[in-house]
Each structure stands twice: as C-alpha cells, then as structure tokens.
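Visitor: I should like to examine this chain through a short series of questions. Please show the sequence and the structure before we begin.

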Amino acid sequence: MRGAVTVAAAQSLPEDTPQRSVLVLIAFAVAALSLLVQGGTIGPLLRLITPKVPATDVAAQNEAERDQIYELLRTSAEAVPEPPRSAEPTPELFEAAKRWRLDVIAAQRSALLDARDNGTFDADVLAHELANLDATEIAIDMRGGTGA
C-alpha cells in the first residue's frame, strides 16, 4: 500500500492538468524509491541497533536441562522410603511395591511441577518428562489395581 495512494492520486488528475505525466512519473518514482530505500535498509538497520545475542546451541541446552531434570527425578525418588523386602513374594508385597512406585511417580511429578512453577527449566522439556511420568503411571494402573 505504501505509495499506492500517491500514485492513484496522481493518476486521477484531470487530463488537461499541466505536466500531468511528469507529476505521475514523480509520484511513481517517490513511491518506488521509498519502498526500495526503506525496505532495503530496515534489515541491516535492525541488526545494527539490536544487541548482539550470542547464538546458543538449543539441542545442547536442552540436553543439559534433561540431565538436570534426571538428577531432580533421581533425588525425588530417593526421598520416598522403599517398601520392606521379603524373600518370598506375596500379593501384599506386590501391592506394596506398586504403591511405592506410584508414590515415587507422585514425588517426581511434584518436583517437576515445582520446577515448572519456579521457571527452572524449559517448558517443552518439562512437558515431555511429565508426559513420560503420566505414561508410566497409566501403565502401572493398567497392570492391575494397587488395592487403594
């Protein structure tokens, strides 16, 4: 649209206007030059005035965040006391082990949600890990009830 109104206004001049063709040519030249000069210089001008931001390797950053998240998951899992061990497997022991695994998942989810609320990690990386926890919990639930 830049310059279109100017060219249209020059074109709408009556035919008997003195030097009409020169006025139309000037309007067209001004519109074309303003497009070329402003459009051609905006990119270099923005690169000049914006602060230099160092390019970061997003994949490496995400990998480092995943390592930190795995450490957070490991720490939160260690905080949940393990169920008692027995030499002979019983249904109660099986249920206690499943309950323990679900408690570990709940502790890990809580730690991830706290990290999300604090803005510690990238939201996409956290969403991926939360989805993994959800899938694990669903798989445990589908294998049979926990007695709860």
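The exchange below concerns the fold, dimensions and nonpolar core of a predicted model.

Visitor: Which elements make up the chain, from the N terminus on?
Guide: The model is predicted. The chain contains 5 helices and 0 strands. Read from the N terminus, the order of elements is therefore α-α-α-α-α.

Visitor: What is the radius of gyration of the chain, set against that of a compact globule?
Guide: The C-alpha trace spans about 110 × 35 × 20 Å along its principal axes. For a compact globule of 148 residues one would expect a radius of gyration near 15 Å, but the value for the chain is 33 Å.

Visitor: What percentage of the residues counts as buried?
Guide: The exposed area of the chain is about 10700 Å², with 63% of it supplied by carbon and sulfur atoms. Burial here requires under 20% relative accessible area. Of the 148 residues, the share that meets this cut-off is 20%.

Visitor: Which helix gives the most residues to the largest nonpolar core?
Guide: This core has 12 residues, among them Ile69, Leu102, Phe121 and Ile140. Helix 3 (58-78), helix 4 (91-118) and helix 5 (123-142) each give two or more residues to the core. The most, 5 residues, come from helix 5.

Visitor: Which residues does Ile140 touch, leaving aside those up to four places away in sequence?
Guide: Ile140 belongs to the largest nonpolar core, as do Leu102 and Ile105. A contact requires heavy atoms within 4.5 Å. With neighbours up to four places away left out, the residues touched by Ile140 are Lys98, Arg101, Leu102 and Ile105.

Technical notes
Residues numbered from 1 in each chain as written. Predicted model: local features only at pLDDT ≥ 70, side-chain atom pairs only at ≥ 80, totals over all residues. Heavy atoms only, no water. Helix = DSSP H or I, 4+ residues; strand = E, 2+ residues; numbered from the N terminus. Rg over C-alpha atoms; globule rule 2.2 N^0.38 Å. Buried < 20%, exposed > 50% of the residue type's maximum accessible area, 1.4 Å probe, protein only. Areas by Shrake-Rupley, 256 points an atom, 1.4 Å probe, with all protein chains shown as cover. Core = buried A, V, L, I, M, F, W, Y, C linked by side-chain atoms within 4.5 Å.
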